[in-house]
Amino acid sequence: MNWWQRLLRREDQEDHLDLELRFHTDERVADLRRSGFSEEEARRRVRIEFGGLEQVKDDCRDARGARWIEHLHQDLRYTARMMGKSPAFTSVVVALLALGIGANTAVFSIVDAVLLKASPYPSAHSLVRVEESSTSRKLFGVPAKHYQRWADRSDVFEKIAPYIRDTVTLAGDGEPEQVIAVRSLQLLPVLGVAARLGRTLSTSDDEVGAPNAAVLSDRLWRRRYHGDPSVIGRAITISGDAYVIAGVMPPDFEFHYSEAEMWTPLRLTPTSPWLQVAARLRSGVSATQAQSALESVAHQMAQEEPKEYAGLKIDVKPWRDTPEQKYKSTLVFVSVAVGLIMLIVCANVGSLLLSRAIQRQKEITIRASLGAGLWRIVRQLLCESLVLALLGSLAGILVARSVLEVLTKQLAGLPIVLPHLKRVALDERVLGFSIVLCLVAAVLCSLAPILLATRTDLQAALRGGQAVAAPRGSSRLFSTLIALEAGFAFLLLVGSGLMIRSLVRLQQEDHGFRPDHVLTLRVPVGTLTQPRPSGKYDTRPRQMAYYREILERVKTVPGIKAAAVVNNLPLSGINSSLSFNLPGPDGKSGPTSARTISPQYFAAMGISLIAGRDFADSDQAGAPDVAIINEYLARQLFPNRNPLGEKLTTESSAPGPMIVGVVKDSSQMSYESPAGPEVYIPYQQFMFATFMSTIVVRTEGEPTALAATLRKQVWAVDPNQPVVQVQTMDEVIANSIWRPRFSAWIFSVLSALSLILTAAGVYGIVANTSVLRAHELGIRVALGATASDVLAVILRGALIPLVFGLGLSALAALALSRFLANLLYGISSSDPMTYVGAGALLLGIGVAASVRPAWLATKRDPLRTLRAD
Amino acid sequence: MGSEKSDLPQGTLDLLILKTVALGPVHGYAIAQRLQQISRDVVQVPGGSLYPALHRLEIRNLLAAEWGQTETGREAKFYRLTRSGRMHLQTGSASWKRLSEAVGLILETAKGGA
């Protein structure tokens, strides 16, 4: 019989045992009566002979290995009775545990999906990433020219796929929109993934005359094509070019940028943009072997052409689909934070169970003196907290579901698509986690009452009077619990204080521009890989003319103070750069961040001109080449000179543009990274790829009010050109700092929760201990203590452990907070304001929570308390 | 009951029960009675030891049990020997015989040497 069969058949077994033993005793009684004993005497003798029916039953159960089942049954029955007796207590405990377990389960399911689950690609061990770096210049990828030198090493690579992240515009069938596309012919075969509908790309897509094929993500397919399976083979327009939809990927496929929604072939030319490279190693070749093979290639290249390849290094690394470091650490910190909430919950529940154990002290003592061993009592306590934790887990799963709903809604509202969020589910791994959490919680919550039970002095407890006296050791346990709660809450508060202060710094800092009253509209032409698409805008002058015409129309709109075009709006997450051979901050020379702009850009963005002049309409093709640089670059290039009138040097020996102005530094790629060198070029003299080109206007009134008018002006120039991402500059900024905002938000929610829990916990403990100490307080009052003396005694009892907990926690926080440092902006991880503030807040909460119960204690009539003994 | 009672050496009770049951299906009370009768009241097994032993033997599959009616028409749990119970009884009694002979021998010699 299995243990569960035994469990199920327990009732049967028990009945049979009962029947069998009753038969024995009845027969014996009958026999004894036959030999002349009275009924009563016979029964008495049998009882003596038999030696305790219950004991025999227990021994029989033991013999059958069924005793623990019986004990479990008793424990459960007892637990059910206790819970039934105090439904309010039970529901408070279950609700607390549900909150803790639910929040942790929800966060775990995200962490599991994003950080822990294995790579989704088949035979992941042979999948590698190939990267280049150089000691002599900055490389942001692999130049196509380099790639062609080592891509054909078929002794190392079975398949190799260069790819480029591109931004393309879908138009023609509905509202135009820009999506991220990954350009690569072989990428999907290298990863070993199949389409859910249609096919992925193949080498046949590279043949001359083959139609352009596009593979859609599940998300794009649902959003734009309503999940229609007949889209396969449909013709679509991507950034002006004709494509045919070849396939749709499964919903959980993400590569490599989680926001990628389209995969199209890449046709490599020597001038292709920087490449990323994924490859499959030939079987039997390890990443290290591949690495050393490519090192010798790099060495050879450097010897052949030292000017181009000196200092080149090629790295072959096992593929890891991990998200950005800051995103990862944010998730880790959120897990730690909800873990702290769980600990506070356990301390709270622990103190509730402890105070109930004290109320039941007598009963426990009696059971102990009747022979229930310590282990038996400990097991009973564990059983109770286990049942509570189980109920808490069940309710917690509901909590987790709603927390996940809120969280995923929050995350979906973010401007970026977080990787692997689609894998988030309450699956068996998550349930396993919540079961483990439930067991841990059960043990943690029952620790305090168990410790109390082990310290209970039977004799003393039994001798004690009728009134419940605080057992020895209980006040120390309560103090420990207060200290723990305050300590955990302090850690959380310091964490969220640092996040919030860092966010405030980030938002208040002068980032070089004034974002209020600024509206931005992206009006893309072409793509990164095909900056001059065939059709109307196939040359730079035609693109320049397009933007000039838009600007002329936009400037006529009433309420516009300034309007300009920029090839790439700051904070867009990517940078355009020019190959001025200027030394960078790290000493390596290389491309310098640059923007092509129209006159009035600085006025529209609110970037102040420090010296010289703004661009003018006369700065156009044919006129002398001019440039404006930022302060950073001016300081770097011309430390003690006036930069105006100087010329920038370019990689070629031709003289570069002349500097006509200097502007203040402003944020470039991200709000968080400090400004670096930057060059501005007039858009009529030079134009970068225009696939991110954005119109920026400064308005007199509410900027969004003008959105519709401005769209119409653009379409008046060309009704077939897309207008996408119409946002105020404030929105652009808010989106670019989503991570610190999200951290601050979630940490605020969690620390508010911790404050409530701590306040409730301290209140409960003070209320409880002051009742337990009523006797002592009564004596104090009888001996002349005033109400304020009593108040002081009780407050001291609560606040000393609280301060102690805060002190220890402050040390821990100082040690731990340095891990937060890379998420913080502008403040130190040991920021004294935050520490003092968090401590003061908790102390205040502690005082507020203990004043009422303490005051109530002073109102109690001491004489009555004493008489009650 | 003036007769002298003996404590049973470890493991002997199982053997005695098996032997008693070997005669045919029998319930617990009858086992206790028979042990007492056959041993002429020397062996008295209190219910507190008998029943746990019976259950242990049942779990070890040396005894099988089923519910049946006594002559008086009452329901009782009847035990009978299983095949492995019979084998256990044989090896058990053989080794018991050897042991008791050996013990007897030693006791005799000790007496002789005194």
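I began with burial in chain A of this predicted model, where I found that 41% of the 869 residues are buried.

I then looked up the secondary structure of chain A, which holds 27 helices and 21 strands. The radius of gyration of chain A came out at 37 Å, well over the 29 Å that the globule rule gives for 869 residues, so I note chain A as more spread out than a compact globule. For the extents, I read that the C-alpha trace of chain A spans about 135 × 70 × 55 Å along its principal axes. I also checked how contacts within chain A are distributed along the sequence: of those between residues at least 6 apart, 83% join residues at least 24 apart.

Next I turned to confidence. For the complex, the predictor gives an ipTM of 0.85 and a pTM of 0.76. Chain B has a mean pLDDT of 81, with 87% of its residues at 70 or more. Within chain B, I found the lowest confidence in helix H4 (residues 83–113), at a mean of 83, and the highest in strand E1 (residues 26–27), at 90.

Last, I examined where the two chains meet, a contact that takes 19 residues from chain A and 14 residues from chain B. On the side of chain B that touches chain A, the elements giving two or more residues are helix H2 (28–38), helix H3 (47–59) and strand E3 (75–81) of chain B. H3(B) gives the most to that side, with seven residues. Sorting the residues of this side of chain B by character, I recorded six nonpolar, four polar and four charged.

Definitions and conventions: Residues numbered from 1 in each chain as written. Chains lettered and ligands numbered in written order. Predicted model: local features only at pLDDT ≥ 70, side-chain atom pairs only at ≥ 80, totals over all residues. Helix = DSSP H or I, 4+ residues; strand = E, 2+ residues; numbered from the N terminus. Rg over C-alpha atoms; globule rule 2.2 N^0.38 Å. Buried ≥ 20, exposed ≤ 12 C-beta atoms within 10 Å, placed from the backbone. Contact = placed C-beta atoms within 7 Å. pLDDT = per-residue confidence, 0-100. Nonpolar A, V, L, I, M, F, W, Y, C, P; charged D, E, K, R; others polar.
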